[in-house]
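User: Could you take a close look at one part of this protein, the salt bridges, and describe how the charged side chains pair and where they sit?

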Amino acid sequence: RSAQVCKQMTAACGGFWRVFEMGPVLRAEDSNTHRHLCEFTGVDCEMCIYEHYYEALDVMGEMFNFIFDGIYEKFPSELQTISVQYPFEPIKYLRPPLRIDYAEGIALLHQAGITEASVDDDLSTPHEKALGKIVKEKYGTDFYIMVSEFFSIKKRIYSFHFISINYTSYLLYLISMVIIGQISHGCYTFL
């Protein structure tokens, strides 16, 4: 498990406005899909928020762009070797990363004729894949951040209801990111 409280206390009381932790994550859970890895490298961030939690989204977007840049700058020969066996197109990403809200994502699916997607429920894997294709076609990017602000009565265990609060010095725990699992679908859903 992540040392969340320790990181929050370090950020809040230790004068460190951002605390990052990168390390191996081992989960004892069923992983029957390509998105649910039992072993991966997780990235946790605790940070002070001054105005709005979008500040955290900006940090995460910058971090992913830094990762993408580094991969292409430092490992071109490795990427070429991989592409021989597993052909792929280079990832396209924007500066700053595209950010869409959940309702806009659902609207894009509806415009494409996928009407069973709803703002009151999570996206299914086929819907996430379809949305990734729609976003790439419309905006020219493989990577985007979808903001999920659930207003419905059906509160998910991993989300919070969006409420109007003063975000000054508010600590927001950013969930561990499974980079490969989420990037492969063209989006990172931020709760």
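Analyst:
**The salt-bridge network and its surroundings**

Glu89, Lys136 and Asp142 are joined to one another in a network of salt bridges. This is a predicted model, and a search of the whole structure finds four salt bridges.

In the network, the side chains of Glu89 and Lys136 meet in a salt bridge at 3.5 Å, N to O. Glu89 lies in the loop between α3 and β3 whereas Lys136 belongs to helix α5 (residues 125-139), so this pair ties together parts that are 47 residues apart in sequence. Lys136 also meets the side chain of Asp142 in a salt bridge, at 3.1 Å, N to O. The three members are covered to differing degrees: Glu89 counts as exposed because its relative accessibility is 58%, and exposed means over 50%; Lys136, at 26%, counts as partly exposed; and Asp142, at 18%, counts as buried because that value is under 20%.

Another salt bridge joins the side chains of Arg95 and Asp69, at 2.3 Å, N to O. This pair links distant parts of the chain, with Arg95 in the loop between α3 and β3 and Asp69 in helix α2, 26 residues apart. Arg95 is exposed, with a relative accessible area of 54%, while Asp69 is buried, with a relative accessible area of 18%. The two side chains also make a polar contact at 2.3 Å, and, leaving aside residues up to four places away in sequence, Asp69 touches Tyr93 as well as Arg95.

Helix α2, which carries Asp69, runs over residues 54-74. Its 21 residues should span 30 Å at 1.5 Å a residue, and the end C-alpha atoms are 30 Å apart, which agrees. Asp69 is listed with the buried residues of α2, among them Leu57, Met60, Phe64 and Phe68.

The loop between α3 (76-85) and β3 (98-101) also holds Tyr86, which counts as exposed at 53% relative accessibility. Together with Ile82 and Phe88, Tyr86 makes a nonpolar surface patch of about 320 Å².

As for the wider setting, the protein has six helices and six strands, which follow the pattern α-β-β-α-α-β-α-α-β-β-α-β along the sequence. Of its 191 residues, 39% count as buried, and among contacts between residues at least 6 apart in sequence, 65% join residues at least 24 apart. The protein exposes about 11700 Å², of which carbon and sulfur atoms supply 59%.

Methods
Residues are numbered from 1 along each chain as its sequence is written. This is a predicted model: local features need pLDDT of at least 70, side-chain atom pairs count only at pLDDT 80 or more; totals for chains, interfaces and linings use all residues. Side-chain values use heavy atoms; hydrogens and water are left out. Helices (H or I, at least four residues) and strands (E, at least two) are DSSP runs, numbered from the N terminus. The expected span of a helix is 1.5 Å times one less than its number of residues. Buried means under 20% relative accessible area, exposed over 50%, partly exposed in between (1.4 Å probe, protein chains only). A polar contact is a pair of N or O atoms within 3.5 Å; within protein, one must be able to donate a hydrogen and the other to accept it, and residues adjacent in sequence count only if both atoms are side-chain atoms. Contact means heavy atoms within 4.5 Å. Accessible areas come from the Shrake-Rupley method with a 1.4 Å probe; for residues, only the protein chains shown count as cover. Patches are made of residues with over 30% relative accessible area and no salt bridge: like charges are joined within 9 Å, nonpolar side chains (Val, Leu, Ile, Met, Phe, Trp, Tyr) within 5 Å.
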